[in-house]
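Me: I have a model open on my screen and would love to walk through it with you. Shall we take it piece by piece?

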Amino acid sequence: MPKRSSRNMPDSGRLILVVGPSGVGKDTLIEAAKSRGLSGVRIVRRDITRPADLGGEDYASVNEAVFEQRQTAGHYVLSWGAHGLRYGIPADILGDLSEGRTVVANVSRAVLAEARRRFENLLIVSVTAPSDVIRSRLQARGRETDTEIEGRVARAAEFVVDGTDVIELRNDGPREAAVSAFVTLL
């Protein structure tokens, strides 16, 4: 039977939380790692109150009412709101962690304090990139207006995550180099 931490969360597996401002390439890194079929690693599929046809990452599109019902029922181990949307990490990851698996989730830095309180074996991967790279990526994905993009670029310049549980991964060079570094972390 896996040992339980004082935080009442499984500590035999490792929870890896990927954070970074929009446009740094978090989804690209996560999807590339997922395609490699890493043994003992689960890439989390988030619930998002975003229409399904917007593409980008692999997510479960849910409406506000369903999200609220799931949250009330304890379906999410972590949840947050950002940019007019709601995001949830399913609580079934606790089973994976209890079995010693590595679980990887794309989250907002807004939930890091809660995650640090609740999870013993936690690693935070802070993905970064220069402003011009972020701007170019946001323009290419075509989901935001020019004004929204500039707002995201400005927020990205102020994005800092630190702590002994944080590893910075700079994603401004060849895609395969960043993917390789990310997969090595996993």
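Me: Let's begin in strand S6: which residue there does Tyr76 stand opposite?
Reply: Happy to help, and do keep in mind that this is a predicted model. Tyr76 falls in strand S5 (76-82), an edge strand that pairs on one side only. S5 and strand S6 (residues 85-90) pair in the antiparallel sense over 6 bridges. The residue of S6 opposite Tyr76 is Pro90.

Me: In what order do the 4 strands of that open sheet run?
Reply: The pairing in this open sheet is mixed. Its edge strands are strand S4 (60-61) and S5. From one edge to the other, the order is S4-S3-S6-S5.

Me: Helix H2 packs on the sheet; what angle does its direction make with that of S6?
Reply: H2 covers residues 64-72 and touches strand S3 (47-48), S5 and S6. Its direction and that of S6 make an angle of about 40°.

Me: How are the rings of Phe67 and Tyr76 arranged, and why?
Reply: This is one of 2 aromatic pairs in the structure. The ring centres of Phe67 and Tyr76 are 4.6 Å apart and the planes are at 25°. Planes under 30 degrees apart count as stacked, so the pair of Phe67 and Tyr76 is stacked.

Me: And for the pair of Trp80 and Tyr87, what is the angle between the planes?
Reply: Trp80 is buried, with a relative accessible area of 9%, and Tyr87 counts as buried at 8%. Their rings are stacked, with 5.3 Å from centre to centre. The angle between the planes is 5°.

Me: Is Ser108 buried or exposed?
Reply: Ser108 sits in the loop between S7 and helix H4 (112-118). Leaving aside residues up to four places away in sequence, Ser108 touches Val19 and Trp80. Buried means under 20% relative accessible area, and the 18% of Ser108 makes this residue buried.

Me: Why is S8 described as largely enclosed by the rest of the structure?
Reply: Leu122, Ile124, Ser126 and Thr128 point one way from S8, while Leu123, Val125 and Val127 point the other way. Residues on both sides are buried. S8 is largely enclosed because the number of its residues that are buried is 7 of the 7.

Me: Which residue in S9 stands opposite Thr128?
Reply: S8 pairs with S1 in the parallel sense over 5 bridges, and Leu17 has Ile124 as its bridge partner in S8. S8 and S9 also pair in the parallel sense, over 5 bridges. Opposite Thr128 in S9 stands Arg170.

Me: Which residues of helix H7 are buried?
Reply: H7 spans residues 175-185. Its buried residues pack against strand S1 (14-19), helix H1 (26-35), strand S7 (102-106), strand S8 (122-128) and strand S9 (166-170). They are Ala178, Val179, Phe182 and Val183.

Me: Why do those buried residues lie on the same side of H7?
Reply: What matters here is how they are spread around the helix axis. They lie on the same side of H7 because the arc they cover is only 130°.

Me: Last one: how far apart are the C-alpha atoms of Gly173 and Ala129?
Reply: Gly173 is in the loop between S9 and H7 and is partly exposed, at 40% relative accessible area. Along the chain, Gly173 and Ala129 are 44 residues apart. The separation of their C-alpha atoms is 9.0 Å.

Terms used:
Residues numbered from 1 in each chain as written. Predicted model: local features only at pLDDT ≥ 70, side-chain atom pairs only at ≥ 80, totals over all residues. Heavy atoms only, no water. Buried < 20%, exposed > 50% of the residue type's maximum accessible area, 1.4 Å probe, protein only. Helix = DSSP H or I, 4+ residues; strand = E, 2+ residues; numbered from the N terminus. Arc of directions from axis to C-beta. Contact = heavy atoms within 4.5 Å. Phe/Tyr/Trp six-rings, centres within 6.5 Å; stacked < 30°, edge-to-face > 60°. Pairing = 2+ DSSP bridges. Axes fitted to C-alpha atoms, helices over the stretch in contact; angles between N-to-C directions.
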